[in-house]
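Me: Please show me the structure. I would like to go through the ligand and its surroundings.

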Amino acid sequence: MSKSYVVIVETKEGKLRQVSLEALHAANLLREDGDHLSAVLLGHQLDDAAAELARYIEGQLLVIDHAELHTYQPELAFEAVIQALNALPDEPKLILLGHTAIGRDLAPQLAARLACGQVSDVTAIHKDGNRITFTRPLYAGKAFEQTILTDGTGVVTLRPNNLAPAAPAAAAGTIVPLEFTPPSTLQTILKDVVRKVSGKVDLTEAKIVVSGGRGVKSAVGFKVLEELADCLGGAVGASRGACDAGYCDYALQIGQTGKVVTPEIYIACGISGAIQHLAGMSQSRIIIAINKDPEAPIFKVADYGIVGDLFEVVPLLTEQFKEV
Ligand code: FAD
């Protein structure tokens, strides 16, 4: 009997989120011949995003485009996803989402409604015949748990930047617009997103993160990091020390009580490497630490270390990368 693999796709400012393409890639790897692959896209004014997404999926793309979905509202989005799932040709076997604010909100609701299991924050997937094993970090990345869904059915959220993104499909998918009847809700959003950080690259999905700590010493000091991040096409992050000191917005905080990032390259500047900070970045592929204290704990997790003053080292790096 065929099964449905469903990816709930997110957009940000009208563009597809990279983690959704990673989820599509995972679904493609997991499904067997004959299994259906569907994507669900919710929001408003989705024509461009739907056309772009259709390039990546051979199956059907269920689109719910409704003015009420212009911004994320849990009750409405959940209901819209349920209406989309009801339009599928068969029962969903696996529903994949990004481990984003939206994915973390929707996944448990979906698992509860479908009475199935849920695995969160997955960083690797292994398939052996019918058995799918999900790996996810625990205890701030110190341990890894391997989980299976006992009946093979469930809802899974994927940590950004850990799986390859889907490549364009051989044939474009079919866009299926769905009617949406919004339920009456107990709340209405009066004001849309208030932007505090003008991040050019999304921090959680950035391939390169240049992060600053208390050693950066001021908000002006962060400009030096921004220049390096801009030159590398990366994003700026921060330690809580830097946020608490008022050098940057808490939206940049990385760590146990901040964001978790897994970029290709993490450049820690003037960050001591407290355990709570490591919780948010130790899974980065390559860690480069710049610190004037050779005993700083960050060097224990760093692949490359530069002992020196960040205000000398970072501008030098920017200059060199600009020449490449
Ligand atoms: P510091 O520890 O003060 O380190 C500054 C570093 O900069 C030093 O190593 C110094 O040698 C170096 N330095 C100074 N000047 C220069 C220079 N010119 N050039 C190069 N290097 C220089 N922290 C987080 O980051 N994220 C979290 O999510 C988080 N959650 C927490 C949750 C709890 C419950 C608690 C208790 C703490 C949490 N913390 C978190 C705080 C954490 O314990 C540390 O206090 C914090 O990470 C320290 O920030 P820092 O490394 O920037 O500052």
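Me: Which residue has a polar side-chain atom 2.7 Å from an oxygen atom of the ligand?
Reply: This is a predicted model, where local features need pLDDT of at least 70, side-chain atom pairs count only at pLDDT 80 or more, and totals for chains, interfaces and linings use all residues. Residues are numbered from 1 along each chain as its sequence is written, and side-chain values use heavy atoms, leaving out hydrogens and water. A polar contact is a pair of N or O atoms within 3.5 Å. The residue with a polar side-chain atom 2.7 Å from a ligand oxygen is Ser272.

Me: How much of the ligand's accessible area does the protein cover?
Reply: Accessible area comes from the Shrake-Rupley method with a 1.4 Å probe. On its own, the ligand has 1000 Å² of it. The protein covers 77%.

Me: Which residue has a polar backbone atom 2.9 Å from a nitrogen atom of the ligand?
Reply: Gln253 has a side-chain N or O atom 2.8 Å from a ligand oxygen. The backbone partner of the ligand nitrogen, at 2.9 Å, is Ile254.

Me: How many residues around the ligand are charged?
Reply: A residue is near the ligand if one of its heavy atoms lies within 4 Å of it. There are 26 around the ligand, and Arg214, Ser239, Thr257, Ser272 and Asn291 come nearest. Asp, Glu, Lys and Arg count as charged. Five shell residues are nonpolar, 15 are polar, and the charged ones number six.

Me: Which helices each supply at least two residues of the shell around the ligand?
Reply: Helices are DSSP runs (H or I, at least four residues), numbered from the N terminus. Those that each supply at least two shell residues are H6 (240-244), H7 (275-281) and H9 (310-323).

Technical notes. Polar contact = N/O pair within 3.5 Å; in protein donor to acceptor, adjacent residues only side chain to side chain.
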